[in-house]
Every structure is written in C-alpha cells, then in structure tokens.
Amino acid sequence: MLALYTDLSVRLRRDEKGATAVEYGIMVALIAVVIIVAVTLLGNSMYATFDKVACDVKGGTYTASATAGTAGTCSK
C-alpha cells in the first residue's frame, strides 16, 4: 500500500505539463481580449488616420467629416 502511495505521489509531482498548458491558454485568452477591446475603442480614429495617410500618399487633400464615425473625403 505504501508503494502505491509513493508511486502516485511521484507521478503527481512530476506531471506539470497540464497546468502549464492551462496557464498559457489563460494568458492567450487575456491577450486576445485586450486586443479586441483596443481595436474596438480605437477603430474609428485609426480608420480616419489611415484614410488621411492614403490621401496624402495619392497627393490629395483630406477633408475630415463633421459627423463622428464617418469617413472624410479626399480631393486632388
């Protein structure tokens, strides 16, 4: 009986791969949540910035929209 208990306790102490995988899974999930929140909060302003840069690269003049959340216009 003592040998069975000793063998079981050695196996439990040595087998830590499952706990490590769970910890990595939790970290990946938290990072994904942070990325989703950041993109959601900054999405419209980033879209307008990229629109302006694209217009500047084309050589045009970017006019921002008066309404928040809508795209501006690019004119040459």
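I began with the contact between Asp56 and Lys52, whose side chains meet in a salt bridge with a distance of 2.9 Å from N to O. I kept in mind that this is a predicted model, and I noted that a search of the whole structure finds one salt bridge.

I then looked up where the two partners sit, and found that Asp56 and Lys52 both belong to helix α2, four residues apart, which is about one turn of the helix. How exposed is each partner? Asp56 has a relative accessible area of 41% and is partly exposed, and for Lys52 the relative accessible area is 41%, so Lys52 is partly exposed.

Next I turned to the surface, where Val33, Val37, Leu41, Leu42, Met46 and Phe50 form a nonpolar patch with about 610 Å² of accessible area together. I picked out Met46 from this patch and placed it in helix α2, which covers residues 17-58. Why does Met46 count as partly exposed? Its relative accessibility is 38%, and the class of partly exposed residues lies between under 20%, which is buried, and over 50%, which is exposed.

Last, I stepped back to the whole chain, and I recorded two helices and two strands, which follow the order α-α-β-β from the N terminus on. Of the 76 residues in the chain, I noted that 7% are buried. I also wrote down that the accessible surface of the chain comes to about 6,700 Å², with 69% of this surface belonging to carbon and sulfur atoms.

Technical notes. Residues numbered from 1 in each chain as written. Predicted model: local features only at pLDDT ≥ 70, side-chain atom pairs only at ≥ 80, totals over all residues. Heavy atoms only, no water. Patch = residues over 30% accessible without salt bridge, like charges linked within 9 Å, V, L, I, M, F, W, Y side chains within 5 Å. Areas by Shrake-Rupley, 256 points an atom, 1.4 Å probe, with all protein chains shown as cover. Salt bridge = Lys/Arg side-chain N within 4 Å of Asp/Glu carboxyl O. Buried < 20%, exposed > 50% of the residue type's maximum accessible area, 1.4 Å probe, protein only.
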